Amino acid sequence: MMVTEKDFLEHFNSELFGVISETADAEHLECYVVGGYVRDIFLSRPSNDIDVVVVGSGVKMAEAFAARLGKSAHLSVFRNFGTAQVKYKGSEIEFVGARKESYTHDSRKPIVEDGTLEDDQNRRDFTVNAIAVRMNREHFGELVDPFGGLDDLRDKILRTPLDPDVTFSDDPLRMMRCIRFSSQLKFFIDDDTFASIKKNAERIKIVSRERIIDEINKIVMSATPSKGFVLLDESGLLDYVFPELKRLQGVEVRNGVGHKDNFYHTLEVLDNIAAKTDNLWLRWAALLHDIGKPQCKKWEPAAGWTFHNHNCVGDKMVPEIFRKMKLPMNEKMKYVRKLVSLHMRPIVLAEDVVTDSAVRRLLFEAGDDIDDLMTLCEADITSKNACKKKRFLDNFQLVRTKLKDIEEKDRIRNFQPPVSGEDIMAAFGLGQCREIGIIKSRIKDAVLDGEIPNEREAALELMYRIAGEIGLKPVKEG
């Protein structure tokens with residue numbers, strides 16, 4: 001629900017804006033708060049990032065403002081860009097001089113010149129981000145809204161201040177931002193604006209992967225991320241920014257038998273996860289859990305459409321997707337890769353008799369990520385058959401109960417064999433050799449299969465028995 005203009009002005013009755021106003025008048029500079037901070041007040045969304053446009057030097061204004069605030073203010077100046085930032089009591093205030101921009105066709109980096117407030121508002125991406133609030137004492141709080149941004153906020157419409165073809169061709173990242181805002185704010189995109197995104201989609205190729213993934217991550221983190229990905233697809237942008245996801249789309253029919261559209265299934269799983277957690281990387285696991293299916297799709301006359309081993313293929317695809325999209329190649333990637341690789345395992349357990357051995361092995365491989373894996377698997381049940389869906393979810397609850405019982409009894413999560421390679425080497429006077437691996441593997445399997453308890457004494461007894469079978473003799477003590 002939008003706040004009224006009267007309530008809106010209450011947001012500027014604070015020390016911070018009082019000092020901005022005093023500084024602007026003392027420096028004889030026209031000064032406005034503009035952009036997302038203004039928009040978010042009307043949308044009742046909290047924000048601590050404040051953009052201030054100065055007709056003149058933004059750096060000069062920032063330096064004077066910081067001096068008035070005193071030692072509590074932290075000033076950072078970026079002279080090459082003509083901007084400065086002041087951090088004060090949890091707020092970040094960005095100062096920039098009003099400017100006008102022009103672009104060359106092969107770059108989204110503008111040629112910048114000093115300009116007026118009108119020039120600065122003209123270069124804004126969307127009308128809802130072009131509303132300015134005057135900070136000078138005379139006319140303090142006055143709205144400057146030349147493009148009807150306030151009406152567009154009320155109507156939940158995204159459109160560009162000027163010709164969208166010019167706006168998007170100049171800076172193609174704005175197309176991603178448009179879809180991201182639509183997904184985050186639940187706004188509609190104006191027909192002419194969306195038609196222009198379709199027309200200019202190929203221009204996204206000049207934008208760096210780092211900037212693109214920042215927008216994709218914000219779409220992934222929105223309340224209903226499927227909305228953003230459907231718009232990316234309908235606009236044609238998905239072909240350029242995430243072709244692997246695009247390849248999931250479509251249904252093939254043979255002998256009257258079709259398979260589900262894995263693109264829309266994936267988005268449903270992503271929305272299910274988004275309703276449960278704000279864990280970005282669990283959401284990425286949902287987005288990539290079926291990414292290997294196009295390579296594995298096969299028609300089998302007896303079984304119909306199959307996607308055997310798509311989890312293994314997807315596991316191998318994750319690092320390359322992360323590398324290409326400039327996502328972190330660290331523990332985050334390994335976490336996503338693990339969940340993609342294992343996501344079929346609990347489903348198999350839920351379909352079959354749940355044995356202790358199978359549960360131990362799942363706990364061993366999933367480790368501390370077992371709860372996230374189960375959450376992903378439950379989100380993956382998107383059947384429209386209510387009875388089938390209930391049966392699967394009930395079975396998953398049995399699996400969860402079994403996981404808890406086995407964990408309490410056998411302590412398998414992040415399991416380390418109770419006998420180490422060093423123990424084996426010392427017991428039989430060995431250096432590095434294949435026999436050590438054989439013994440360790442047999443002990444591990446025995447614990448996971450429930451043949452022996454997860455205890456050192458039982459493991460040592462088995463170690464000597466296996467060693468005897470393969471012809472090893474213990475070192476005599478003394």
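# Close-up views of a predicted model

**View 1. Helix H2 meets helix H4.** In this predicted model, Glu15, Leu16, Val19, Ile20, Glu22, Thr23, Ala24 and Ala26 of H2 touch Met61, Ala64, Phe65, Arg68 and Leu69 of H4. Sorted by character, the residues of this contact comprise 9 nonpolar, 1 polar and 3 charged. Two packed helices are described by the angle between their axes and the distance between those axes. Here the axes of H2 (residues 15-26) and H4 (residues 58-69) come within 9 Å and cross at roughly 125 degrees. That angle makes H2 oblique to H4. As for handedness, H2 passes H4 in a right-handed crossing.

**View 2. The open sheet and its edges.** Follow the strands across this sheet and you will meet 7 of them, in the order S3-S4-S5-S2-S1-S8-S9, with mixed pairing. The edges belong to S3 (74-78) and S9 (143-144); each has a single partner strand, so one side of each is left without a neighbour in the sheet. Helix H4 packs on the sheet, where it touches S1, S2, S3, S4 and S5. The direction of H4 makes about 20 degrees with that of S4.

**View 3. Strand S5 and its two partners.** Strands of a sheet pair through backbone hydrogen bonds, either parallel or antiparallel. S5 (residues 91-97) offers a handy look at both senses: S2 (residues 49-55) pairs with S5 in the parallel sense over 6 bridges, while S4 (residues 83-88) pairs with S5 in the antiparallel sense, also over 6 bridges. A good residue to find here is valine 96 in S5, which stands opposite valine 53 and is also the bridge partner of threonine 83. S5 is mostly covered, with 5 of its 7 residues buried.

**View 4. The hairpin of S4 and S5.** S4 and S5 form a hairpin with 2 residues between them. Look for lysine 89 in the turn, where its phi is positive, at about 50 degrees.

**View 5. Strands S1 and S8 side by side.** S1 (residues 30-34) and S8 (residues 132-134) pair in the antiparallel sense over 3 bridges. To find your place in this pair, start from tyrosine 32, which stands opposite arginine 134 in S8.

**View 6. Glutamate 215 in helix H10.** Glutamate 215 lies in H10 (residues 209-220). Is this side chain's residue, glutamate 215, buried or exposed? Its relative accessibility is 3%, so glutamate 215 counts as buried. Beyond its neighbours within four places in sequence, glutamate 215 is in contact with Leu173, Met176, Arg177 and Arg180.

**View 7. Methionine 329 in a loop.** Methionine 329 sits in the loop between helix H17 (310-324) and helix H18 (331-342). With a relative accessible area of 38%, methionine 329 is partly exposed. Setting aside neighbours within four places in sequence, its contacts are Pro319, Phe322 and Arg323. If you would like a landmark, valine 220 is 109 residues away from methionine 329 in sequence and 18 Å away in space, C-alpha to C-alpha.

**View 8. Serine 341 in helix H18.** Serine 341 belongs to H18 and, at 22% relative accessibility, counts as partly exposed. Which residues does serine 341 contact, leaving aside its neighbours within four places in sequence? They are Asn311 and Asp315. Asparagine 311 is 30 residues from serine 341 in sequence, and their C-alpha atoms are 4.9 Å apart in space.

Definitions and conventions:
Residues numbered from 1 in each chain as written. Predicted model: local features only at pLDDT ≥ 70, side-chain atom pairs only at ≥ 80, totals over all residues. Heavy atoms only, no water. Axes fitted to C-alpha atoms, helices over the stretch in contact; angles between N-to-C directions. Helix = DSSP H or I, 4+ residues; strand = E, 2+ residues; numbered from the N terminus. Parallel < 35°, antiparallel > 145°, perpendicular 65-115°, else oblique. Left-handed = near helix turned anticlockwise from the far one by under 90°. Contact = heavy atoms within 4.5 Å. Nonpolar A, V, L, I, M, F, W, Y, C, P; charged D, E, K, R; others polar. Buried < 20%, exposed > 50% of the residue type's maximum accessible area, 1.4 Å probe, protein only. Pairing = 2+ DSSP bridges.
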